[in-house]
Amino acid sequence: YMKDVADAIIFYIKAFNAKEIRRWSNDDGSVHVAEMMIDGAMFHLHEEVLRDSKLSPHTLGGNSVVLGLLVIDPDAVIKKALEAGAKETGTLQDYDYGYRQGSFTDPFGHYWTVQKAI
């Protein structure tokens, strides 16, 4: 969940070359839900709904969920995400368990780990 889905759409397009499939708007023109795709994987962005306690990480003051994204080139993906406004939270490196990975927090408070098997 997030406070501003329209800004999130822009970020995910810049950071991941995501494609917007469709959106549902509120009466005031703000975006309620957006259906998007990253490399064939569909996901939804949803605005927070205070009355149902479906809150964004910003409203909650943090987040406990990590979104893992397996990609061909984590270096390029993380570089692009940081350029789009993400904050690095884990240095991109090779790990002895067989993955090259790094992590960041997007501008909406969601944690991401981007990785590939090596």
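1. Let's start with the helix pair: α1 and α3 cross in the right-handed sense. Bear in mind that this is a predicted model. α1 covers residues 5-16 and α3 covers residues 74-83, and their axes come within 7 Å of each other, crossing at roughly 145°.

2. Who makes that contact? On the α1 side you'll find Phe-11, Lys-14, Ala-15 and Phe-16, and α3 brings Val-77, Lys-80 and Ala-81. Sorted by class, that gives five nonpolar residues and two charged ones, with no polar residue in the α1–α3 contact.

3. Now the sheet. Four strands make it up, running in the order β4-β7-β6-β5; the sheet is open and the pairing is mixed. At the edges sit β4 (66-70) and β5 (87-94), each of which has a pairing partner on one side only. Going from one strand to the next, the twist averages 15°.

4. Within the sheet, have a look at β6 (residues 99-105) and β7 (residues 111-117). These two pair in the antiparallel sense, over seven bridges. If you want a spot to find your bearings, Ser-103 stands opposite Thr-113 of β7.

5. How does α3 relate to the sheet? α3 packs on the sheet and touches β5, β6 and β7. The direction of α3 makes about 10° with that of β6. So much for the sheet side; α3 also has α1 to deal with, through Val-77, Lys-80 and Ala-81.

Key
Residues are numbered from 1 along each chain as its sequence is written. This is a predicted model: local features need pLDDT of at least 70, side-chain atom pairs count only at pLDDT 80 or more; totals for chains, interfaces and linings use all residues. Side-chain values use heavy atoms; hydrogens and water are left out. Axes are lines fitted to C-alpha atoms, for helices over the stretch in contact, and angles run from 0 to 180 degrees between N-to-C directions. A crossing is left-handed if the near helix is turned anticlockwise from the far one by less than a right angle, and right-handed if clockwise. Contact means heavy atoms within 4.5 Å. Ala, Val, Leu, Ile, Met, Phe, Trp, Tyr, Cys and Pro count as nonpolar, Asp, Glu, Lys and Arg as charged, and the others, Gly among them, as polar. Two strands pair if DSSP finds at least two bridges between them.
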